[in-house]
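Please take a moment with the sequence and the model shown below, and then follow the explanation one step at a time.

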Amino acid sequence: MGGLVNMYSKGLVKKDKSELKILSKLLVIIGALNWGLVGILNFDLVAALFGKKSILSRLVYALVGLSGVYLILIYKEKYADLKKRWHTKGEKKYSGKQYSWSGIQ
């Protein structure tokens, strides 16, 4: 994690991001690249590096999956905050009531 400290000091990474979030994004990118290689070239890079059914390759796959779930939960929370502020001032929300054309409520 010494590289992250250097990146913080140089201003390359915002200080409000946690190291877990950065690591999760890195693992998801690695997983996406691996799936791209599998889809295009039928080549599994993780299996080639660590062995097809080794403990290390299974660990990498599990960490990539957990990182994806973690990022989904983070962005779901972020989306919920945005959804609360979605409507601008003066804009009416649908209240769920049905009104007829005659104006009778």
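**From a loop to a surface patch**

Asparagine 42 sits in the loop that lies between helix 2 and helix 3, and since this is a predicted model, everything said about this residue and the others is computed from predicted coordinates. Although asparagine 42 is not a glycine, its phi is positive, at about 55°. Is asparagine 42 buried or exposed? With a relative accessible area of 68%, asparagine 42 counts as exposed, because the cut-off for that word is over 50%.

The loop between helix 2 and helix 3 also holds phenylalanine 43. Its relative accessibility is 38%, and phenylalanine 43 therefore counts as partly exposed, a word used for values between the limit for buried, under 20%, and the limit for exposed, over 50%.

Phenylalanine 43 also leads to a feature of the surface, for it is one of the residues of a nonpolar patch. Together with Phe43, this patch is formed by Ile40, Leu41, Leu45, Leu49, Phe50, Leu56, Leu59, Leu63 and Leu66, and their accessible area together is about 1,000 Å². Which helices each supply at least two residues of the nonpolar patch? They are helix 2, which runs over residues 19-41, helix 3, which covers 45-50, and helix 4, which spans 55-84. Of these, helix 4 gives the most to the patch, namely four residues.

Helix 4 is also the place of arginine 58, a residue that counts as exposed because its relative accessibility is 58%. If you look from arginine 58 towards alanine 47, you compare two residues that are eleven positions apart in the sequence, while in space their C-alpha atoms are 9.0 Å apart.

With these details in place, we can turn to the whole chain. The secondary structure of the protein chain consists of four helices and zero strands, so that, in the order of the sequence, its pattern reads α-α-α-α. Of the 105 residues in the protein chain, 16% are buried, and the accessible surface of the chain comes to about 9,200 Å², with 66% of that area belonging to carbon and sulfur atoms.

How much of the contacts in the protein chain with a separation of 6 or more comes from residues 24 or more positions apart? Such residues account for 40% of those contacts, and you may wish to trace the helices in the model once more with this value in mind.

Methods:
Residues are numbered from 1 along each chain as its sequence is written. This is a predicted model: local features need pLDDT of at least 70, side-chain atom pairs count only at pLDDT 80 or more; totals for chains, interfaces and linings use all residues. Side-chain values use heavy atoms; hydrogens and water are left out. Patches are made of residues with over 30% relative accessible area and no salt bridge: like charges are joined within 9 Å, nonpolar side chains (Val, Leu, Ile, Met, Phe, Trp, Tyr) within 5 Å. Accessible areas come from the Shrake-Rupley method with a 1.4 Å probe; for residues, only the protein chains shown count as cover. A salt bridge is a side-chain nitrogen of Lys or Arg within 4 Å of a carboxyl oxygen of Asp or Glu. Buried means under 20% relative accessible area, exposed over 50%, partly exposed in between (1.4 Å probe, protein chains only). Contact means heavy atoms within 4.5 Å.
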